[in-house]
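The following exercises concern strand pairing, helix packing and cysteine geometry. Each task is followed by a solution that proceeds step by step.

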Amino acid sequence: MAAAAVRTLGSSLGKNIREVRLHLCQTSAASKGARDFVEQHYVSLKKANPDFPFLIRECSGVPARLWARYDLGREQSVSVDNMSAEQVAGALKTLVQSKP
């Protein structure tokens, strides 16, 4: 299911948003889904969007959170703590489709 959500995004990341940041902890159980999402889908997202800034920020003890930056510097974030890779993909899809 996560792969399907990532495929539906395709190269549409840059149409609605300017940047995506994923903050996660390298070791915590709460960030496991975020780490799994990166391992499984980062390469395909970057291949489909080679010039789009999709940033991974690792910091010990930080809660997993997905950030989207839109036009005019507006940002929106959603917690992805304790989510599976599929749920992280769904959260990304929601952020891409929303217009704050």
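**Exercise 1. Determine which residue of β4 stands opposite alanine 68, and place this pair in its hairpin.**

Solution. The structure is a predicted model. Step 1: the residue of β4 opposite alanine 68 is glutamine 76. Step 2: β3 and β4 are joined by five bridges and run in the antiparallel sense. Step 3: the two strands form a hairpin with five residues between them, and in its turn leucine 72 has a positive phi of about 60°.

**Exercise 2. Extend the pairing from β3 to β1, and derive the order of strands in the sheet.**

Solution. Step 1: alanine 68 of β3 is also the bridge partner of valine 20. Step 2: five bridges connect β1 (residues 19-24) with β3 (residues 65-69), again in the antiparallel sense. Step 3: the complete open sheet has four strands in the order β2-β1-β3-β4, with mixed pairing. Step 4: β2 (54-58) and β4 (75-79) each have a single partner strand, so these edge strands are left without a neighbour on one side. Step 5: from one strand to the next, the twist averages 15°.

**Exercise 3. Describe how α4 packs on the sheet, and establish where its buried residues lie.**

Solution. Step 1: α4 (residues 85-97) touches β1, β2, β3 and β4, and its direction makes about 20° with that of β3. Step 2: the 13 residues of α4 should span 18 Å at 1.5 Å a residue; the end C-alpha atoms lie 19 Å apart, which agrees. Step 3: the buried residues of α4 are Ala85, Val88, Ala89, Ala91, Leu92, Leu95 and Val96. Step 4: viewed down the helix axis, the buried residues of α4 fall within an arc of 160°, and therefore line one face. The general background is that an α-helix has 3.6 residues a turn, so residues three or four places apart point the same way. Step 5: Thr94 and Gln97 are exposed on the face of α4 turned away from its buried side.

**Exercise 4. Decide how many disulfides are present, and state whether cysteine 25 is buried or exposed.**

Solution. Step 1: a disulfide requires two cysteine sulfur atoms within 2.5 Å. Step 2: for cysteine 25, the nearest cysteine sulfur belongs to cysteine 59 and is 7.8 Å away. Step 3: the count of disulfides is accordingly zero. Step 4: cysteine 25 has a relative accessible area of 2% and is buried, whereas cysteine 59, at 43%, is partly exposed.

Key: Residues numbered from 1 in each chain as written. Predicted model: local features only at pLDDT ≥ 70, side-chain atom pairs only at ≥ 80, totals over all residues. Heavy atoms only, no water. Pairing = 2+ DSSP bridges. Axes fitted to C-alpha atoms, helices over the stretch in contact; angles between N-to-C directions. Contact = heavy atoms within 4.5 Å. Buried < 20%, exposed > 50% of the residue type's maximum accessible area, 1.4 Å probe, protein only. Expected span 1.5 Å × (residues − 1). Arc of directions from axis to C-beta.
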